[in-house]
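Student: I should like to go through this structure with you, one local feature at a time.
Tutor: Certainly; please put your questions once the structure is shown.

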Amino acid sequence: MREYTILLDSSSTDLAVGIALGNDLLKETIYPAWQKQSEYMVSELDNLMNDLSITKDDIKDVVLAIGPASYTGVRIALTIAKTIYLCTNCDVYSVSSLQILKCENKKSICLINARSDRSYFGVYENYLVIENDQILTNEEVKEYINSHPDYVVCGDTKYLDIESYKSDVLKEMLFLKDTLKKEENPDLLSPVYLKSYE
């Protein structure tokens with residue numbers, strides 16, 4: 001009987017892989033692997049599956065972070081998710097790479113470096129979207145942060161010289177899973193890559 005959920009995120013500087021059973025995150029691996037996720041993600045997933053003595057036939061579904069973020073980064077988890085789907089015909093769910101950065105029970109400004117003095121930006125509170133995912137200049141992001149002092153800044157914001165909250169993205173993915181819509185055709189799923197800010 002298929003029971004296990006695979007969680008994948010390669011959209012930020014960290015590689016994140018997890019396996020859950022129901023609402024329980026059984027095993028996870030998260031570490032910095034910028035531009036190395038493609039080398040390590042499959043082997044890390046294989047290690048976790050071996051640790052739990054599960055096979056591809058035990059996989060019920062896959063949840064992956066779909067962007068916005070680095071196009072190449074997002075494609076790594078997406079390619080692995082599609083491969084699992086093709087091998088198992090499991091269900092596939094996708095979630096915003098910004099939303100999984102949020103701080104539970106707090107209004108959260110979620111940020112990922114979009115390069116060229118820009119940021120991927122979204123604002124969330126639990127399941128609620130306060131500001132849709134978009135690209136802002138870093139100056140606009142700082143203005144928004146300054147005008148919302150009670151919001152928590154989330155993500156890897158070293159590039160902005162701002163301290164931030166670092167979430168366990170896999171736990172957030174699992175928390176959000178019940179709100180996600182199953183992908184009807186995972187073969188057609190593509191990364192969310194916002195156009196450059198004009």
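Student: On what basis are residues numbered, and what kind of model is this?
Tutor: Numbering starts from 1 along each chain as its sequence is written, and side-chain values use heavy atoms, with hydrogens and water left out. This is a predicted model, in which local features need pLDDT of at least 70 and side-chain atom pairs count only at pLDDT 80 or more, while totals for chains, interfaces and linings use all residues.

Student: Against which elements do the buried residues of helix 2 pack?
Tutor: Helices (H or I, at least four residues) and strands (E, at least two) are DSSP runs, numbered from the N terminus. Helix 2 covers residues 71–88, and its buried residues (buried: under 20% relative accessible area; exposed: over 50%; partly exposed: in between; 1.4 Å probe, protein chains only) include Val74, Ile76 and Leu78. The buried residues of helix 2 pack against strand 1 (4–9), helix 1 (37–51), strand 4 (59–65) and strand 5 (91–95).

Student: Which element supplies the largest share of the largest nonpolar core?
Tutor: A nonpolar core is a set of buried Ala, Val, Leu, Ile, Met, Phe, Trp, Tyr and Cys residues joined through side-chain atoms within 4.5 Å. The largest such core has 27 residues, and Met173 is one of those that touch the most other members. The largest share of this core, five residues, comes from helix 4.

Student: How far from aspartate 58 is the nearest side chain of opposite charge?
Tutor: Aspartate 58 sits in the loop between helix 1 and strand 4. Although buried, aspartate 58 has no salt bridge, that is, no side-chain nitrogen of Lys or Arg within 4 Å of a carboxyl oxygen of Asp or Glu. Lys and Arg count as positive and Asp and Glu as negative, with His and the chain ends not counted. The nearest side chain of opposite charge, that of arginine 2, is at 8.0 Å.

Student: Which residues does a cis peptide bond join, and what is omega there?
Tutor: One partner, proline 68, lies in the loop between strand 4 and helix 2. The cis bond joins glycine 67 and proline 68, with omega about 10 degrees.

Student: Is arginine 115 buried or partly exposed, and what is its phi?
Tutor: Arginine 115 is found in strand 6. With a relative accessible area of 44%, arginine 115 is partly exposed. Although arginine 115 is not a glycine, its phi is positive, about 70 degrees.

Conventions. Expected span 1.5 Å × (residues − 1). Contact = heavy atoms within 4.5 Å.
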